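Here are some exercises to work through with the model open beside you. Try each task before reading its solution.

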Amino acid sequence: MSSRTTSVLTIAGIAVLSIAAYAVYFDYKRRNDVEFRKKLKKEKKRVDKSIASSKASLPSSPDAVGVDELREALEQVKAEQVPISPEQKEAYFMTQVASGEQLSLQGPMFSLPAALAFYRALRVYPSPVELMVIYQKTVPEPIFKAELKVRPWYYLKFPPKSFGVKVETRQVGDGTKKTLVLTKGVKTGEAIYKEFPIVAALDSDIQEAGTHCSQCLRSVEPSMSIRESESHALNTVYCSAACQSAAKSQYYGLLFTLERPLPQEIPSEPSTAEQLNERHKAQAQFANYLKNEMPGHAAPLLVAQFIARQVNAEMSKLISQTLSKTTMTADQADFTDADGGDYLLADHFERLRYVDVDLPKDGLKLLTAVLDSAMPGLDALATEERYATLLGKMLYNAYGVYYDGGRDDRPVTNNRPEDIERTRTPVGTSHQIGSAVYTVSSYLTHSCEPTARPSFDSGTSQLHLIATRDLEAGEELTVAYVDVTQHEGESVVDCRRRRRMELARGWKFACPCERCEREGQEMGVISEDKIKDQSKVEKSMERFEANEGLL
């Protein structure tokens, strides 16, 4: 086997097996299923068969076919049934990568069949962008370019066309960013789209009071609420059985209960009394950390929820191709997904911008203890680097959820101004009741004269994006990350300084909007210290998107 194949299989194999649900299942099958062990010895025949099929049925060169033929070949692959069980997925992945490698060695005439083999492997890989970066480093350039041609582009599928918006790369300040652009005209006050969050969390004082649903953030009367019984956990209440079920299936069951982490359909050894005790202890320590050491900080809980959602999504796919989110009721619709394309939650999140952050003391250690006590190996999903990146994404992209202009009783923090957690809240973070992160709305950029505003008129964390003026197709959508109104007794100079200071502290950039520029000129500001935009995308995404220019 060549070093290139070894590199692909080693790195990709580690990543596939890092999904702990798969690992547990494989371990169980290896120890209890003789037939499973025998199947591992038959992969060479599958590779040979796959190569023969590719040679016989697919075009020979990416340069020798037109767009229609290329699209037809892609549709044929997409029509193929994808394996469901974990052992079938691993065997399929290994087979297709090996097939692509062997086809690539047979010369340029087999570049397209090789690329399609790699694309088949990509369909079952848990982190497609990561694998594309591996491909770029390990497979011949003609094949990598051909694979790029058959790979459906993410932004052709996301956001859904029904939202009336698209993502474009545009100039923002001194650099470029992916922004939301209208695809149709809207009138002042019209709802452009509505979306539910990926993750959401109440402010700690609201959570402790038990006055709002921990899942949808709806206000709830104590007599009508459903309260969780775990004595060590956060003071968690729900407005309905549907919200309670959604929370447990997404994150709560894994993070804060002793319920079996794997679905009943997946066999595993029962936990011992000692293991359950350790799990309870880890959860209690994490809950106490969130309540007592991180008041006013939602990001650590949002990160924990996100990781748990990824784990539960992978486990649900072990027993069905239908993600858990499709089993929810209409009232509990989930985050905005792509229009097809077999994208994962990770595909959406790894494309979002983030800022570098300092890791809070003990947060990572306590979270990994919770994950490892639930299922050995899960802690690998929260490395120090990954945890810091996820925290940075939560802090950069979170919106403040507020109702009726916001509240006035949010506790004042003793943290330094630069350490205060801020959210994208047009009425100010101090008026929110909770934080939430969204797939589509994360692409909205800031302006002190925004073209749209977030609204939560449904009384839940569902975000309604409302046009602030008449807008035409092609116009960029912007929102105010901070309170941009000029307060009573506040001068234009002070208002400008306040909002620019908040933006610099929370999102690490100097506002380049027209209002700031216009007011600066009117005040005679010749020069001022400008903070270079410190937000960024993950390096793997930078390398991946740079290859758009190859086509």
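## Exercise 1: A sheet of three strands

The structure you see is a predicted model. One of its open sheets has three strands in the order β4-β8-β7, paired antiparallel.

**Task.** Which strands are the edge strands of this sheet, and how many bridges join β4 to β8?

**Solution.**
- Step 1. Read the order β4-β8-β7 from end to end. The edge strands are β4 (199-202) and β7 (399-401), each of which pairs on one side only.
- Step 2. Look at the twist of the sheet: from one strand to the next it averages 25°.
- Step 3. Turn to the contact between β4 and β8, where β8 covers residues 434-437. These two strands run antiparallel and are joined by four bridges.
- Step 4. Find one of the bridges for yourself: leucine 202 has glycine 434 in β8 as its bridge partner.

## Exercise 2: A strand with two neighbours

**Task.** In the open sheet that holds β3, β10 and β11, what is the strand order, and why is one side of β3 and of β10 left without a neighbour?

**Solution.**
- Step 1. Take β3 (residues 191-195) and β11 together: four bridges join them, and they run antiparallel.
- Step 2. Now take β10 (residues 452-455), which also pairs with β11 in the antiparallel sense over four bridges.
- Step 3. Put the two pairings together, and you have the order β3-β11-β10 in an open sheet of three strands.
- Step 4. β3 and β10 stand at the edges and each has a single partner strand, so one side of each has no neighbour in the sheet. The twist from one strand to the next averages 20°.
- Step 5. Check some residue partners. Tyrosine 193 has leucine 465 in β11 as its bridge partner, while lysine 194 stands opposite histidine 464 in β11. For arginine 453, the bridge partner in β11 is isoleucine 466.

**Task.** How many of the residues of β11 are buried, and which lie on each side?

**Solution.**
- Step 1. Count along β11 (residues 463-467): five of its five residues are buried.
- Step 2. Sort them by face. Leu463, Leu465 and Ala467 are on one side, and His464 and Ile466 are on the other.
- Step 3. Conclude that both faces of β11 are covered.

## Exercise 3: A helix

**Task.** What distance does helix α16 reach from its first C-alpha to its last, and which of its residues are buried?

**Solution.**
- Step 1. Helix α16 covers residues 363-374, which makes 12 residues.
- Step 2. At 1.5 Å a residue, 16 Å is expected, and the helix reaches 17 Å, close to that value.
- Step 3. List the buried residues of α16: Gly363, Leu364, Leu366, Leu367, Thr368, Val370, Leu371 and Ala374.
- Step 4. As you look at the list, keep a general rule in mind: an α-helix has 3.6 residues a turn, so residues three or four places apart point the same way.

## Exercise 4: A pocket

**Task.** How many residues line the second largest pocket, and which element gives the largest share?

**Solution.**
- Step 1. The second largest pocket holds about 810 Å³ of space.
- Step 2. Its lining has 31 residues, and those nearest the centre are Gln171, Val172, Gly173, Pro512 and Cys513.
- Step 3. Two or more lining residues come from each of β1 (165-172), β2 (175-182) and β9 (445-446). The largest share, three residues, comes from β2.
- Step 4. By kind, the lining divides into nine nonpolar, 11 polar and 11 charged residues.

## Exercise 5: Residues in loops

**Task.** Leucine 217 and aspartate 404: is each buried or exposed?

**Solution.**
- Step 1. Leucine 217 lies in the loop between α11 (204-209) and β5 (226-227). Its phi is positive, about 70°, although leucine 217 is not a glycine.
- Step 2. Buried means under 20% relative accessible area. Leucine 217 has 0% relative accessibility, so it counts as buried.
- Step 3. Aspartate 404 lies in the loop between β7 and β8, and its phi is also positive, near 50°.
- Step 4. Exposed means over 50%. At 82% relative accessibility, aspartate 404 therefore counts as exposed.

How values were computed:
Residues are numbered from 1 along each chain as its sequence is written. This is a predicted model: local features need pLDDT of at least 70, side-chain atom pairs count only at pLDDT 80 or more; totals for chains, interfaces and linings use all residues. Side-chain values use heavy atoms; hydrogens and water are left out. The expected span of a helix is 1.5 Å times one less than its number of residues. Buried means under 20% relative accessible area, exposed over 50%, partly exposed in between (1.4 Å probe, protein chains only). On a 1 Å grid over the protein atoms alone, a cavity is a set of points where a 1.4 Å probe fits but cannot get out, and a pocket is an open set with protein on both sides within 12 Å along at least five of seven lines; lining residues have an atom within 4 Å of a point. Grid points are joined across faces, edges and corners, and a volume is the space filled by probe spheres set on the points. Ala, Val, Leu, Ile, Met, Phe, Trp, Tyr, Cys and Pro count as nonpolar, Asp, Glu, Lys and Arg as charged, and the others, Gly among them, as polar. Two strands pair if DSSP finds at least two bridges between them. Axes are lines fitted to C-alpha atoms, for helices over the stretch in contact, and angles run from 0 to 180 degrees between N-to-C directions.
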